[in-house]
Amino acid sequence: MEDRIKQDIKEIIDFNSTSSVEIEDFRIKYLGKKGLLNSYFVEFKSLDNDKKKNVGQLLNQLKNTAQSKLDALKTQISPGSTKTTINDISRTGEPIELGSRHPISIVKNRIVDIFSNIGFTISEGPEIEDDWHNFSALNLPEHHPARDMQDTFFIEKNPDFLLRTHTSSVQVRFMENNKPPIRTISPGRVYRNEAISARSHCFFHQIEGLCIDKDISFADLKQTLEYFTTQLFGKSKIRLRPSYFPFTEPSAEVDVYWGLNNETDYKMTKGTGWLEIMGCGMVDPNVLENCNIDSDEYSGFAFGLGIDRIALLLHQIDDIRLLSENDVRFLDQFKSSL
Ligand code: DAH
């Protein structure tokens, strides 16, 4: 009998639960009318006198342990459990959960700061665009094959309207409403009718840059980009690969030299050391004319980059979907970033 009681005491000590149903079962099992304690007392009565002292002590211990366990479990789950301490004004306050900036905002703010420092203003435009600002003014007339480069979500009831496929639409709006000199960057969300996977999404974020003035040359573009990659990545070596965009001539793809210092570098750059980060070029004179800017007097450069891609890169995130799922376990990890 003694061993059984000792075993029960051990089980009581080990018991834990936050479920009121389980706690009530616990009470019934040990302290209830037909519970273990009472059944032991029945047995106790028929014990030899010499055993009664020892067993009696153990039964008391069983009772007290079960009772204090029950009290402790009840306080733990009762909402009024802090009542006793609420008047204690020296009590430390409840911690306030602070949020964190979204990784997209962190990267966007950094890029905005970098360009603000060299005189670029920030401009924005609508996400629902018309054909003119998203395509035609950017040297992409109707039926131009380059329109296929960007799978577009059209507004069903009025296909003249669409979800903008790039932030280049904002440079058109800005040029229509402002006279050169122009230095502006336009961050924003863009949409493409693409299958969602770890590598692509139907919406993402871009930053568009535009600089228009007298005598702006390709050298100005290159120097600005070198300044940018140095500030953002701490890497100043870039290369400009000839490319094609309808709104720039000449056009280029910008690669930054990341290096091959470790395995991650190899993986990220597919063993080349180079990483493609953006598109750019000299604004096509047709685009300037479409926006009522005299292309004989003015020239300029433009560039566009994906913020999501940079955020994935800088934080070594391997699935773009994480950026829009808003899972706090993911977002919490950016608490220390500005
Ligand atoms: N609009 C392009 C895209 O979405 C990016 C881009 C490339 C913007 C070159 C530019 C540029 O302003 O000059 O792929």
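What follows is a walk through the overall form of the protein, its main sheet and one loop residue.

The model is a predicted one, so local features need pLDDT of at least 70 and side-chain atom pairs count only at pLDDT 80 or more, while totals for chains, interfaces and linings use all residues. Residues are numbered from 1 along each chain as its sequence is written, and side-chain values use heavy atoms, with hydrogens and water left out.

Starting with the big picture, the protein holds 13 helices and 9 strands; these are DSSP runs numbered from the N terminus, with helices being H or I of at least four residues and strands E of at least two. The radius of gyration is 35 Å, well over the 20 Å that the globule rule gives for 338 residues, so the protein is more spread out than a compact globule. (The radius is taken over C-alpha atoms, and the rule is 2.2 Å times the number of residues to the power 0.38.) Along the principal axes, the C-alpha atoms fill a box of roughly 115 × 50 × 45 Å.

As for packing, 41% of the 338 residues count as buried, meaning under 20% relative accessible area with a 1.4 Å probe, protein chains only. Among contacts (heavy atoms within 4.5 Å) with a separation of 6 or more, 67% are between residues 24 or more positions apart.

Now for the sheet. It is open, with 7 strands in the order 1-4-5-9-8-7-6 and mixed pairing; two strands pair if DSSP finds at least two bridges between them. Strand 1 (121-122) and strand 6 (238-245) are the edges, each pairing on one side only. Moving inward, strand 4 (residues 182-191) runs antiparallel to strand 5 over 10 bridges, with Thr184 partnered by Leu210 of strand 5. Strand 5 (residues 203-213) is in turn joined to strand 9 (residues 299-306) by 8 bridges, again antiparallel, and here Gly209 stands opposite Phe303 of strand 9. Strand 9 also takes 5 bridges from strand 8 (residues 274-283), running antiparallel to it; Gly281 has Ala302 in strand 9 as its bridge partner.

Finally, a look at one loop residue. Thr152 sits in the loop between helix 6 (131-134) and strand 3 (161-163). With a relative accessibility of 13%, Thr152 counts as buried. Leaving aside residues up to four places away in sequence, Thr152 touches Phe135, Leu162, Leu163, Thr165 and Asn193.

Technical notes
Buried < 20%, exposed > 50% of the residue type's maximum accessible area, 1.4 Å probe, protein only.
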